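The exercises below concern a single protein chain. Attempt each task with the sequence and structure in view before reading its solution.

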Amino acid sequence: MSGLFGHLTSASSALQAHSKSVELTGKNIANVNNPNYARQRVVSSPVANVSGGSVNTSANYKIQNLRDDFIDKQVVEESSFLSLFETRDNRLREILSAVGETLDRVNDPSFMSDLPEDDGGIRDSLNDFLNAFENFAADPADQAIRSVVMQSAEQLVSSFNRADSRLGQIQNSIDTEIQTEVKSFNNRMAELSDLNRQIARIEIAGGDGTAADLRNVRQGLLEEVAGFVQADFVTVPGSNGQVGVQLRTESGQNVDIVRPGFEPEPLFYNRSSNAFRSTGSSEDLDLRAGKLSALSQVKSGDLVEIRGQLDALANTIATEVNEIYYQAFVPAGADPVVPEQSFFAQPTPPPSVSGVPSTVAAGSIALYTGSSDPAVAESIPLDVDSLRSTDSNFSGANEIALAIAGLSQGDFESLGGSSLFEAIIQTAVDLGLEIESNANQLAVQRDVEALMKDRQSQVSGVSIDEEMANLVQYQRAFQASSQVFKVVSEMLETIINLR
């Protein structure tokens with residue numbers, strides 16, 4: 001009798017397992033287009049039951065989430081690098097545009113062109129400026145030519161000022177974006193900590209892996225977090241399925257951001273030092289990859305370098321022109337009194353007169369509008385009428401105009417031995433090569449991530465064909481178990497009625 005009851009129990013357990021399998025198959029099919037979903041299946045194992053001296057078996061089952069932890073970790077890691085290269089690509093192209101240059105050929109970054117705008121780029125403005133002085137030297141008295149010189153000078157100053165302003169805006173937008181992304185990262189850490197607690201509560205009661213749906217949600221969240229930084233995600237033993245999140249300091253020490261049983265440690269950004277820290281560390285963090293790392297790199301590296309190169313070029317132009325053009329003030333008592341004249345507002349007087357190194361920047365370069373020095377009683381602002389081509393009193397003399405036009409042929413120590421045009425071209429070309437190099441890395445990284453996603457899909461993805469085949473199999477198994485249950489039930493009924 002106990003044997004029949006045992007068979008009845010076994011059939012009942014089988015019915016439950018097959019019913020759950022059919023349910024999970026339908027769930028798998030419903031999530032076929034959910035990239036964060038890992039297909040689930042029922043895993044049955046026999047359990048021996050001893051009753052009345054006889055041994056019966058019943059089916060015990062649990063839900064298995066089909067995931068490969070190693071592949072999942074690789075997907076997360078590759079997501080960090082993909083985010084790094086994508087962010088750098090966007091920001092570097094933005095910087096190139098701000099300088100007023102563009103890539104004319106996708107596959108040839110050394111072929112540069114001024115940005116196609118009405119105002120042109122620095123290189124275009126510099127070319128117009130020096131050409132205007134060459135024409136001025138040929139006919140110093142021509143009023144139209146003098147007007148062109150002034151217009152080209154104003155355009156050159158405007159190009160530098162505008163480029164510096166744009167780069168400053170990019171820096172400010174990077175700071176703002178970093179602050180926003182840090183806040184988003186901290187919110188994700190709070191979500192992850194909450195998911196950890198929910199998973200632990202379910203798996204304490206139901207066993208390892210029973211919180212399959214929440215684990216899927218958490219894997220998607222981990223891949224999203226990887227877009228911010230390259231973190232280490234570790235499964236904490238004895239925590240009922242919870243994971244910890246660690247970042248590394250610049251010396252390589254691990255810092256816990258998320259720990260089971262503790263509140264998350266927020267990430268902070270110091271705008272002035274361009275450094276990241278958490279409340280649990282006294283050392284700056286090395287984010288290694290991800291969007292935050294890319295933004296930090298562009299701000300402290302590429303952006304600083306480009307602005308420094310533009311400042312050096314603006315300083316060289318202003319200094320060299322003023323060395324040629326400057327006329328010192330000669331006070332009363334001299335015969336005659338000589339007013340101060342200069343071309344650019346700084347450096348005035350130039351270093352050869354003052355002995356003080358020039359510190360003109362792209363954002364501060366300006367035309368001379370008269371002296372602000374109280375010791376200079378008389379000065380002549382730069383305009384079309386006051387524009388000088390010579391220091392002499394001879395009509396048609398042009399040594400100043402020729403010398404300034406000749407700056408196009410000079411090489412300058414302040415620019416590393418380059419000419420004015422070589423300096424601005426090299427700045428744009430170096431940036432273009434950096435963009436191309438990053439773009440190549442980005443293309444490779446997209447392929448790598450696609451490969452890892454494909455491998456992840458092979459393990460965890462849902463196949464409609466496979467699920468439909470499983471559905472038929474589970475339905476037939478359910479029907480068979482139902483028939484067994486029915487037969488055993490009828491046998492028991494027959495035995496009871498005989499007595």
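**Exercise 1. A buried acidic residue and its partner**

Task: Determine whether Asp164 is buried or exposed, and identify the residue whose side chain meets that of Asp164 in a salt bridge.

Solution. Step 1: Asp164 has a relative accessible area of 17% and is therefore buried; buried means under 20% relative accessible area, exposed over 50%, and partly exposed in between, with a 1.4 Å probe and protein chains only.
Step 2: The side chain of Asp164 meets that of Arg307 in a salt bridge, at 3.1 Å from N to O. A salt bridge is a side-chain nitrogen of Lys or Arg within 4 Å of a carboxyl oxygen of Asp or Glu.
Step 3: Asp164 lies in helix 4 and Arg307 in helix 6, so this pair ties together parts that are 143 residues apart in sequence. Helices (H or I, at least four residues) and strands (E, at least two) are DSSP runs, numbered from the N terminus.

Two remarks on the model apply throughout. It is a predicted model, in which local features need pLDDT of at least 70 and side-chain atom pairs count only at pLDDT 80 or more, while totals for chains, interfaces and linings use all residues. Residues are numbered from 1 along each chain as its sequence is written, and side-chain values use heavy atoms, with hydrogens and water left out.

**Exercise 2. Salt bridges in helix 2**

Task: State how many salt bridges the whole structure holds, and describe those formed by Arg88 with Asp302 and by Arg91 with Glu94.

Solution. Step 1: A search of the whole structure finds 21 salt bridges.
Step 2: Asp302 and Arg88 meet through their side chains at 3.0 Å, N to O. Asp302 is in helix 6 and Arg88 in helix 2 (residues 69-99), so far along the chain from one another that 214 residues separate them.
Step 3: Relative accessibility is 13% for Asp302, which therefore counts as buried, and 7% for Arg88, which is likewise buried. Arg88, Asp302 and Glu434 are joined into one network by salt bridges that share partners.
Step 4: Arg91 and Glu94 also form a salt bridge, at 3.0 Å from N to O. Both residues lie in helix 2, three residues apart, about one turn of the helix. Arg91 counts as buried because its relative accessibility is 9%, whereas Glu94, at 33%, counts as partly exposed.

**Exercise 3. The aromatic cluster**

Task: Classify the ring pair Phe129 and Phe344 and the ring pair Phe133 and Phe136, and name the cluster to which these residues belong.

Solution. Step 1: The structure holds nine aromatic pairs. Rings of Phe, Tyr and Trp (its six-membered ring) pair if their centres lie within 6.5 Å; planes under 30 degrees apart count as stacked, over 60 as edge-to-face and the rest as tilted.
Step 2: The ring centres of Phe129 and Phe344 are 6.4 Å apart and the planes stand at 50°, so the pair is tilted. Phe129 lies in helix 3 (residues 122-138) and Phe344 in the loop between helix 6 (291-325) and helix 7 (351-354), so the pair ties together parts that are 215 residues apart in sequence. Both Phe129 and Phe344 are buried.
Step 3: For Phe133 and Phe136, the centres are 6.1 Å apart and the planes at 70°, so the pair is edge-to-face. Both lie in helix 3, three residues apart, and both are buried.
Step 4: Phe129, Phe133, Phe136, Tyr325, Phe343 and Phe344 form one aromatic cluster.

**Exercise 4. The nonpolar core**

Task: Which residues touch the most other members of the largest nonpolar core, and which helix contributes the largest share of this core?

Solution. Step 1: A nonpolar core is a set of buried Ala, Val, Leu, Ile, Met, Phe, Trp, Tyr and Cys residues joined through side-chain atoms within 4.5 Å. Among the 87 residues of the largest core, Phe129, Phe343 and Phe344 touch the most other members.
Step 2: Helix 4 (residues 143-206) supplies the largest share, 18 residues. A separate core has six residues, including Leu82 and Leu442.
Step 3: Beyond its neighbours within four places in sequence, Phe343 has contacts (heavy atoms within 4.5 Å) that include Phe129, Ala153, Val321 and Leu387.
Step 4: In soluble globular proteins, nonpolar side chains tend to be buried together.
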